[in-house]
Structure formats: structure tokens, C-alpha cells
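Q: I am in my first year and would like to take a close look at one part of this structure, the place where the two chains meet. Please walk me through it slowly, and then point out anything else that deserves attention.

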Amino acid sequence: MASTLASKRHHVEDGTDPIEFCFEQGWSDGLPVVPPTEARVRAMLQAVRVAPDHQVAYIEHRAVAVTAEKVAVNAVMAGCRPEYMPVVVAAVKGIGDPRWNYHGPGTSTGGAGVLLIVNGPIRRTLDVNCGDNLFGPGWRANLTIGRALRLVMRNVCGSRPGTLDRGTLGHPGRLSYVIGENEEESPWPPLHVERGFRPEQSTVTVMAAEGPRQFYNQLSNTPEGVLTTLADDMRISGSVMGQPNYAVVLAGEHMRTIAGGGWGKKEVRQFLWERTHNSHAHLRRTHRMAGALQPGDEERLRPLVESPDDILVVAAGGRAGTFSAYIPGWGSKRSSQAVTVAIDA
Amino acid sequence: MELLDPTTEATAQRIAYVPRPRSLEGARVALIENTKFNSDRLLQKIGEILVRDHGAASTRMFRKRNASVPAHEEIVAEIRQTCDVAVAGVGD
């Protein structure tokens, strides 16, 4: 593809370290980047067979068009291989979707990261980790795809700490936050199929998300037992006054215990939803809900998420160990929702 | 070595500001509430000060859909029709 690249060119003198040059320009997330040369950027664009000026996403409230060229430059800097580029492009489309509502989670003091859940055959092609040490480190695809998305947010969309990224605390997942579902060992339909895609399609789901929280239950050999612990941990977590989504990541031992009891993802969602309600009285007493205690507040219940379907259940993580995780979302259903995008590979 | 710039290079964008009113005397004031807790109370106080100390004629509260989005079209159209100035802000 010989079309012209529009990005400004910076000449780095011999004797100047190009990595240090990138730091000095303010292009980095704090780690060294791969210098974005034209050859590397063109290889990245070649992998998705689109013109450099192709608009991948438009961030409405920032009035920013994200072009394939800028995605490619940032993917190079993140350390992506060219074949990862279709996943990065799909993720950028996801955060540009009005339902994800970029300006909220991309700016908020709440400091959400973007959790990327990869489904379908591309996980195996690219070696996206779905198993041991799920949240990392150790896998290039997981670490660089998520990093590329964050660099696009920083360099193209303006989400820079202290200006249009106002995160009070942020979290480590904001460097990269990518997991794959362990579809091969899962007894359940994968997330993308539940969300309307075909099994042979590859997708990425983007969810504005706090950090992962691990829970522990090595005593139970029933679905109810494992999920009772999880619900108890989840019930007071994140912003209990409003959550669009939760992701629940069930690792090997818990997955097998729950499936062994005959439960599917639907039963998991329903059980968790029913057992994570909080009384208005508790929310008021703990200063999460405004106002003085009202008659009936002990009995009046507020669910953690609006519907059981707002809990995304993913089978992933190591085979051994009685640990799983849950991940609170950001904001409310009106502010940002998880979006699943097909990967055009 | 030549490197490609990863940032959005600013393209010139003209923003037209309405001229600021010389005075608030007799002005109808729109208060745009962003739905965050207590934002309505804060704006109400500001509105009272504008009426009491600056001679504004009236205040009227408008509510955005949520804090993360701009005021929606219906609100903007209504404010254009019925108000002279607007007070808006974002914050926690």
C-alpha cells in the first residue's frame, strides 16, 4: 500500500537514542516504546489492509477522528506484532462506540481501565493468554494489545494524566488489561456467542473496569458454595450505587466445580444477581446512599447491576488453584456499557 | 532515523462564542445540572445569588442525561428559546 502517511515526521539525529526521544516528546506511558518508523507503521497497516486515512473511530465528545495510521503508529510503539493489529483496531472501534461513551470512562476521576476480553480462534493464532497467570505478565499479545489501546487513548484521544485523564488513583490494568476466554476447556458457550456472535468469529469485548479482585474458596464442592463466597465479596464492591457491568472470571477449579453441579453461565448470573442486593438501610448507614434512614429501608433492596445479563461470565485462568475473580465496571448503565466488536482478521 | 508522530496533530477549529452580556439585570438564567449529588443545590445557591446580587430576573434548572455527556439537544433548544444566559459546570 503506497498511500501517503500524513503524520508529522521527526528526525532523530545520529547519536540520539530514539527511545529517549520518544520519552521526551511525551508519547510514552512510562515504559520504553518501539520507535515508530515508517517501515514498521506500514507493516502494521498492511496487516489490516486499510488506507492510512481510514477512520477507525470517531470520539464524538472530543471531536477526534482516530485514523488507521494513528492506531498503527501507537501499536508499533506498544510493541505489537503486525498480526495483532486487527485486535487493536476492533478495540478502538469498541471504545468509539457511543454505548461505551468514551468521554466518561476516558476522563473520570473513577480511573477505570479498559478490560479487553478476546474470544474466538484468533486467541490461539496470536497466543492470547487464557490460562495460568491470566492477568499477566508473560504474554506479548496480552501486554502489547492493551498497551496499544491505551497509547491511542493517550496520544490520539487526549486522555493524558492530569489533563483529560483525571483518574484519582487509576490502576495497573491501565497499562494493559487483556484476557482471553479459555474456550477449549470451558464447559459453557463463550462470551461472544452469548452476545450474538458465531463461535468461529473472533471478537473483542471492551468494558470500562476497575482492577480485578481475587476471591478464594477451597472448601466448597458445589456451585452454591463457591458462588456464595463470590456474591459475599461482590456485594460491597465498586460503586454499589450504580454499576453498568461486572465481569466474573471463573478459573479452572471453580469452573469445574460449578459445571460439575450442572450449572451454566445463566444460572451463575442469576444466583449472583439475586445475592448481591443491598438494603437501602445498609447503604445509608455506610454513607453510600444519601439521606437519613427512611421507614422500610431495611426491606428495600437495590441490586448491584440492573439485570443478571449485566454480569459477564468468562471462563479463564489457571487450572490449579481455588481462586477466581470479579471486576467491577465503571459508572452506570447510562454512562458506559460493555461493547463487543467483531475482529476482521 | 525518522519517526512518525503518534499524536493527533491539531487541526484549526473555529469556535464562535456568543458575546458576554454586559450585565445580568433582567436576565433569565438557565442552570444546567449534571446529575451529580448536590449539583442541583449548588446551582440553586448560585442562581439565588445571581438574582439577589446581580438583578437576574429568574432562574430555571435543566438536567442533563448524565454527567459524562454534553447537554442534549432538547435542553439546548429550550434554553435558546427561554433563557438569556446559562450556568454550566463539571465537577465532583
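A: Between chain B and chain A of this predicted model there is 1 salt bridge. Its partners are Arg9(A) and Glu2(B), whose closest N and O atoms are 3.1 Å apart, and since a salt bridge is counted when such a nitrogen lies within 4 Å of a carboxyl oxygen, this pair qualifies. Polar contacts between the two chains are also found, and they come to 14 residue pairs when both residues are required to have a pLDDT of 80 or more. On the side of chain B that touches chain A, the residues divide into 7 nonpolar, 5 polar and 5 charged.

Arg9(A) appears again when we turn to the backbone, for it stands opposite Leu4(B) in strand E1 of chain B. The two strands concerned are E1 of chain A, residues 9–11, and E1 of chain B, residues 2–4, and they run antiparallel and are joined by 3 bridges.

Stepping back to the contact as a whole, we find that chain A contributes 35 residues and chain B contributes 17 residues. The area buried between the two chains is about 2,200 Å², and carbon and sulfur atoms give 56% of it. Of the area that chain B buries against chain A, 35% is supplied by Met1(B), Leu3(B) and Leu4(B), which is more than any other three residues supply.

Some other features lie within chain A. A search of the whole structure finds 6 aromatic pairs over all chains. In one of them, Phe135(A) and Tyr177(A), the ring centres are 6.1 Å apart and the planes stand at 50°, so the pair is classed as tilted. This pair links distant parts of the chain, 42 residues apart, with Phe135(A) in the loop between helices H6 and H7 and Tyr177(A) in the loop between H7 and strand E5.

The loop between H6 and H7 of chain A also holds Pro137(A), and the peptide bond leading to Pro137(A) from Gly136(A) is cis, with omega near 5°. Another backbone feature is found at Ala63(A), which has a positive phi of about 55° although it is not a glycine, and which sits in the loop between strands E2 and E3 of chain A. To see why such places are worth pointing out, it helps to know that most peptide bonds are trans and that most residues other than glycine have a negative phi.

Methods
Residues are numbered from 1 along each chain as its sequence is written. Chains are lettered from A and ligands numbered from 1 in the order in which they are written. This is a predicted model: local features need pLDDT of at least 70, side-chain atom pairs count only at pLDDT 80 or more; totals for chains, interfaces and linings use all residues. Side-chain values use heavy atoms; hydrogens and water are left out. Contact means heavy atoms within 4.5 Å. Buried area is the accessible area (1.4 Å probe) that two parts lose on being put together, summed over both. A salt bridge is a side-chain nitrogen of Lys or Arg within 4 Å of a carboxyl oxygen of Asp or Glu. A polar contact is a pair of N or O atoms within 3.5 Å; within protein, one must be able to donate a hydrogen and the other to accept it, and residues adjacent in sequence count only if both atoms are side-chain atoms. Ala, Val, Leu, Ile, Met, Phe, Trp, Tyr, Cys and Pro count as nonpolar, Asp, Glu, Lys and Arg as charged, and the others, Gly among them, as polar. Two strands pair if DSSP finds at least two bridges between them. Helices (H or I, at least four residues) and strands (E, at least two) are DSSP runs, numbered from the N terminus. Rings of Phe, Tyr and Trp (its six-membered ring) pair if their centres lie within 6.5 Å; planes under 30 degrees apart count as stacked, over 60 as edge-to-face and the rest as tilted.
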